[in-house]
Structures are given as structure tokens and as C-alpha cells.
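Here are a few exercises to work through with the viewer open. Try each task yourself before reading its solution.

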Amino acid sequence: TSTIPPPDQIGDDLAVGSSAIGQGRVQATPLQMARVAATIGLRGRRPPLTFDLRSGRRAHPGRRVISARVAREVERMMLAVIAYGTGTSAAIPGVEIAGKTGTAELRTTVAPCKPDPQNPQTCPKDQQQPQNDPKNTDAWFAAYAPAGHGHPRVAVGVMLVGAGAGGDTAAPVARAVLEAALKATG
């Protein structure tokens with residue numbers, strides 16, 4: 001279930017900032033993230049959900065939920081994610097893709113103990129290293145294509161449970177889905 005905690009349950013300023021970028025106790029579904037990506041691609045208009053591609057193309061472009069100017073700014077950043085950021089593995093030659101990686105911690109990825117450099121034995125060895133096990137994080141990626149013109153044909157949201165970083169594992173899956181969908185929609 002998608003959730004954003006009530007304001008009185010979020011906590012301090014750091015927790016508010018973390019919630020604003022989808023961290024903390026914020027939850028979303030891959031479908032919702034695909035819809036967010038599509039909204040950016042449609043210049044701030046949230047598309048209606050449909051299983052019928054033909055009716056979806058004829059449908060009303062959706063209700064405006066953010067300004068076109070803000071959507072274009074976000075799109076510019078999402079294009080950069082694919083061009084030279086954490087989402088380069090979602091790139092498809094000859095296709096403008098806008099995307100956003102995400103990595104959601106399931107458990108802490110920070111070492112539970114930081115040893116004193118003068119006395120490294122202050123922490124047990126197994127608690128000195130970051131917990132870099134991919135099973136500690138869900139991998140996310142949301143994208144749409146073609147990007148840059150306000151008329152994307154496909155949007156995708158990928159979430160792989162316990163699979164590491166979004167750019168490493170979810171972005172290649174999104175690329176495969178985008179390639180197949182773009183071929184199907186010709």
C-alpha cells in the first residue's frame with residue numbers, strides 16, 4: 001500500500017527531507033512510479049490508467065498536477081540520469097529516455113560501529129564494514145520514452161526486491177521493457 005506518513009509522525013527536519021525524496025516510511029508501487037514518470041513526460045499531466053493501448057492514446061491527456069515548466073526541469077534531470085548518471089544502463093541507442101534510479105534500504109547499510117583509529121579493537125570486525133549486501137536494498141527505476149517532446153509512448157516502473165542498487169539491476173530491466181514496448185507501439 002502506498003503511504004506517506006502523517007506530518008506529526010515524520011519527525012525532525014532531516015526526516016521531513018528524507019520523506020520528500022521517498023525515503024523513511026514513504027511507500028509506493030511500481031505502477032505509481034511509472035505513472036509519475038509518465039506525468040513528467042506529459043509535461044505535468046497525470047495520465048489515466050488503462051489496459052487498452054488504443055483507448056489510452058485517444059483518452060484525455062490527464063489532469064494537470066504540476067506545471068509544464070517544472071515537468072520540463074525534472075525531465076532535463078531525468079535525461080541526464082540516462083546520459084551520464086546512475087541510469088546509463090537503461091540507455092537505448094537512438095532513443096531519448098528519461099529515467100530515475102532509486103535504492104530503498106530494507107536494513108541499515110551503515111556499519112553499526114565505527115572504530116577509533118587509535119584503537120581499532122573498540123569494535124568487533126564484523127561491525128566495522130558497511131553492510132553492502134544487495135539483499136539489504138530494493139532496486140528501483142522509473143522511466144519513459146521517447147523523451148523530450150511531451151509525447152512519450154511508454155512509461156515503466158521497476159522494483160526488484162532485495163536486488164541492490166537501482167542503476168545496477170533495475171535500469172537494465174527497464175531498458176528491456178522499454179525496447180519491447182517501443183517495438184510493439186511502433
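**Exercise 1.** Find which strands helix α5 lies across, and state its angle to β5.

*Solution.* Select residues 166-185, which make up helix α5 in this predicted model. Next, look at the strands beneath your selection: the helix lies across β3, β4 and β5. Finally, compare directions, and you should find α5 running at about 145° to β5.

**Exercise 2.** Work out the order of the strands in the sheet and explain why β3 and β5 each have one side without a neighbour.

*Solution.* Start with the general idea: strands of a sheet pair through backbone hydrogen bonds, in either a parallel or an antiparallel way. Here three strands form an open sheet, ordered β3-β4-β5, with antiparallel pairing. Because β3 (98-105) and β5 (154-160) stand at the edges with a single partner strand each, one side of each has no neighbour in the sheet. From one strand to the next, the twist averages 10°.

**Exercise 3.** Count how many bridges join β4 to β3 and how many join β4 to β5, then locate some facing residues.

*Solution.* Take the β3 side to begin with: eight bridges link β3 to β4 (residues 137-145). On that side, T103 stands opposite A139, and A104 has D138 as its bridge partner. Now turn to the other side, where seven bridges join β4 to β5, again antiparallel. There, A142 stands opposite G157.

**Exercise 4.** Decide whether the residues of β4 are buried or exposed, and sort them by the way they point.

*Solution.* Use the cut-off first: a residue is buried when its relative accessible area is under 20%. By this test, nine of the nine residues of β4 are buried. Then sort them: T137, A139, F141, A143 and A145 point one way, while D138, W140, A142 and Y144 point the other way. For a helix that packs on the sheet, look at α2 (residues 30-41), which touches β4 and β5 and makes about 35° with the direction of β4.

**Exercise 5.** Describe the surroundings of E75: which residues does it contact, leaving aside neighbours within four places in sequence?

*Solution.* Begin by placing E75 in helix α4 (residues 68-84). Its relative accessible area is 5%, so E75 counts as buried. Then list the contacts beyond those sequence neighbours: I40, R43, A98, Y144, A147 and G148. One of these, Y144, also belongs to the buried residues of β4. Last, check G148, whose backbone nitrogen lies 3.0 Å from a polar atom of the E75 side chain.

Methods:
Residues are numbered from 1 along each chain as its sequence is written. This is a predicted model: local features need pLDDT of at least 70, side-chain atom pairs count only at pLDDT 80 or more; totals for chains, interfaces and linings use all residues. Side-chain values use heavy atoms; hydrogens and water are left out. Two strands pair if DSSP finds at least two bridges between them. Helices (H or I, at least four residues) and strands (E, at least two) are DSSP runs, numbered from the N terminus. Axes are lines fitted to C-alpha atoms, for helices over the stretch in contact, and angles run from 0 to 180 degrees between N-to-C directions. Contact means heavy atoms within 4.5 Å. Buried means under 20% relative accessible area, exposed over 50%, partly exposed in between (1.4 Å probe, protein chains only). A polar contact is a pair of N or O atoms within 3.5 Å; within protein, one must be able to donate a hydrogen and the other to accept it, and residues adjacent in sequence count only if both atoms are side-chain atoms.
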